[in-house]
Amino acid sequence: MPVVVTEDRGETEVSEATLRDLLLRVASDSLIGVTRQQNEGEQKQRLHDVVDGTWTKMLPIATAAMMLREVVLKCSVCAYTSVHEGQVAQHTKQVREVGGQHVRARLTQILIGGREPALQCSGCGHPFAARKNQGQVHLTRAKDDSQRHQGAIEEVVMHRYALVEGPPRVLGTRPVMAAAAVRRVK
Ligand SMILES: [Zn+2]
Ligand SMILES: [Zn+2]
């Protein structure tokens, strides 16, 4: 139940309907105001996630304010983010390594339990169901991701959340990985 503060400083519980009536009269009569707690509880804000382009659910104002201050380190060529120094470089190294493993990789047929035919990636040994396209998607992604990370990679220091859609609020960039020594071209 909402709590209101009356002129004589007493607090009293009222129904939602009564509260609405009181709010309509708030400027003109004896009501000083609805308690602060009640007001803040009602205020919500949704934030734009600049990295993946989505919107958050409605958040309490205090939470939203905290998230607006949040800073992440983002990979300059993909949506990878971390809050820890050195992780973007580590991520780049890993993407390049996985790409290297898959340069000549293909899908080979295997039998699981002697009945269900399956496919296995010759690059990393990961098995995939034969009737789905996941194996091919896996190979394509490993190669594409690697291609994208062959150039010099920067760490973008930026705010992850914003009140409106738009370009990210970038605080700075710093190089974390030089271009790969050997460019792997298909
Ligand atoms: Zn990346
Ligand atoms: Zn693989």
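Two strands count as paired if DSSP finds at least two bridges between them. The exercises below apply this to a predicted model.

**Exercise 1. Trace the pairing of strand E13 and name its partner strands.**

Step 1. Take strand E15, residues 170–177: six bridges join E13 to E15, and the two run antiparallel. Six satisfies the cut-off of at least two bridges.

Step 2. Fix the register with one residue pair: Val-156 has Thr-173 in E15 as its bridge partner.

Step 3. Turn to strand E8, residues 71–75, which pairs with E13 (residues 153–159) over five bridges, again in the antiparallel sense. Here Val-72 stands opposite Met-158 in E13.

Result: E13 pairs with E8 and with E15.

**Exercise 2. Determine which strands stand at the edges of the open sheet of E10, E11 and E12, and why.**

Step 1. Write down the order of this three-stranded sheet: E10-E11-E12, with antiparallel pairing.

Step 2. Count partners at the ends. E10 (107–112) and E12 (127–129) each have a single partner strand, so one side of each lacks a neighbour in the sheet. These two are therefore the edge strands.

Step 3. Add the geometry: on average, neighbouring strands of this sheet are turned by 40 degrees against each other, with direction ignored.

Step 4. Look at one pairing in detail. E10 and E11 (residues 116–121) are antiparallel over six bridges; Thr-108 has Gln-120 in E11 as its bridge partner.

**Exercise 3. Classify the packing of helices H4 and H5 by angle, handedness and residue type.**

Step 1. The axes of H4 (residues 87–101) and H5 (residues 134–148) come within 8 Å and cross at roughly 130 degrees.

Step 2. Angles of 65 to 115 degrees count as roughly perpendicular and those over 145 as roughly antiparallel. H4 and H5 are therefore oblique to each other.

Step 3. The handedness of the H4 and H5 crossing is left-handed.

Step 4. List the residues that meet: Val-95, Arg-96, Val-98 and Gly-99 from H4, and Ala-142, Lys-143, Asp-145 and Ser-146 from H5. By type, the contact divides into three nonpolar, two polar and three charged residues.

**Exercise 4. Decide which stretch of the chain has pLDDT below 50 and how its contacts should be read.**

Step 1. Begin with the whole chain: the average pLDDT is 82, and 75% of the residues score at least 70.

Step 2. Locate the stretch: residues 26–38 have pLDDT below 50, and the model gives this stretch 22 contacts beyond near neighbours in sequence.

Step 3. Where pLDDT is low, predicted coordinates should not be read in detail.

Technical notes:
Residues are numbered from 1 along each chain as its sequence is written. Chains are lettered from A and ligands numbered from 1 in the order in which they are written. This is a predicted model: local features need pLDDT of at least 70, side-chain atom pairs count only at pLDDT 80 or more; totals for chains, interfaces and linings use all residues. Helices (H or I, at least four residues) and strands (E, at least two) are DSSP runs, numbered from the N terminus. Axes are lines fitted to C-alpha atoms, for helices over the stretch in contact, and angles run from 0 to 180 degrees between N-to-C directions. pLDDT is the predictor's confidence in each residue, from 0 to 100. Two residues are in contact if their C-beta atoms, placed from the backbone, lie within 7 Å. Angles under 35 degrees count as roughly parallel, over 145 as roughly antiparallel, 65 to 115 as roughly perpendicular and the rest as oblique. A crossing is left-handed if the near helix is turned anticlockwise from the far one by less than a right angle, and right-handed if clockwise. Ala, Val, Leu, Ile, Met, Phe, Trp, Tyr, Cys and Pro count as nonpolar, Asp, Glu, Lys and Arg as charged, and the others, Gly among them, as polar.
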